[in-house]
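Open your viewer and get ready for a short tour. We will begin with the whole chain and then zoom in on one residue.

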Amino acid sequence: ALACYFAEAAEALAVEDVPAPELLSLVLNSLYALDQMPQKPLALVKAAFELRVMAESGYAPDLTSCGVCGEAVSAGPVWFSVPAGGIVHESCARRVGGCMPLDGSALRAVVHVLSAEPKRLAAFALTGAAAGQLAALAEQYVRFHLGRGFSSLDFYRSLAGPVGGTCP
């Protein structure tokens, strides 16, 4: 089911008749992780694919400046806003709402996914609440910024159950 979702998402983001070797590499490496890394939770492979496919297609989340006020975010608790497209200051998050706190380890995982070599994309570990945050954030990021859902994702979700955590 996830393999079908990866293909459907790639098809939605690919431009017809334009070579996309990075997108192909991402899909192939994600399929490899599904098949050859049974110790890796499927939710993390899925989240890594979602974040990276968005980045490769020009929709990378901004991890340097606040999506609300535009100032640099360098210290303190980190919040993430799907509509704003990245991290936000805690004060801005509380003022505008619709943001989720992001655990430091989940933020490090996002940074890894966005910057890792394709073959090292799934080379991170997360557990507990941080894993749930990453999974929810990635899925909601795709749905919001592409303005659509995917039938293969709905099918996967019917098999796997709900993702831990939500991002309003």
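Helices (H or I, at least four residues) and strands (E, at least two) are DSSP runs, numbered from the N terminus. Colour the protein by these elements and follow the chain from its N terminus: the order is α-α-α-β-β-α-β-α-α-α. That makes seven helices and three strands.

Before going on, note that this is a predicted model, where local features need pLDDT of at least 70, side-chain atom pairs count only at pLDDT 80 or more, and totals for chains, interfaces and linings use all residues. Residues are numbered from 1 along each chain as its sequence is written, and side-chain values use heavy atoms, leaving out hydrogens and water.

Now show the C-alpha atoms, which fill a box of roughly 40 × 35 × 30 Å along the principal axes. Switch on the surface next: about 8400 Å² is accessible (Shrake-Rupley method, 1.4 Å probe), and 56% of it belongs to carbon and sulfur atoms. Of the 168 residues, 43% count as buried, meaning under 20% relative accessible area with a 1.4 Å probe and protein chains only.

Next, select Lys 40, in the loop between helix H2 (21–36) and helix H3 (42–56). Which residues is Lys 40 in contact with, leaving aside its neighbours within four places in sequence? Show Val 45, Ala 122, Phe 124 and Ala 125; contact means heavy atoms within 4.5 Å.

Finally, select Glu 50, the nearest side chain of opposite charge to Lys 40, 14 Å away. Lys 40 is buried yet has no salt bridge (a side-chain nitrogen of Lys or Arg within 4 Å of a carboxyl oxygen of Asp or Glu).

Technical notes
Buried means under 20% relative accessible area, exposed over 50%, partly exposed in between (1.4 Å probe, protein chains only). Lys and Arg count as positive and Asp and Glu as negative; His and the chain ends are not counted.
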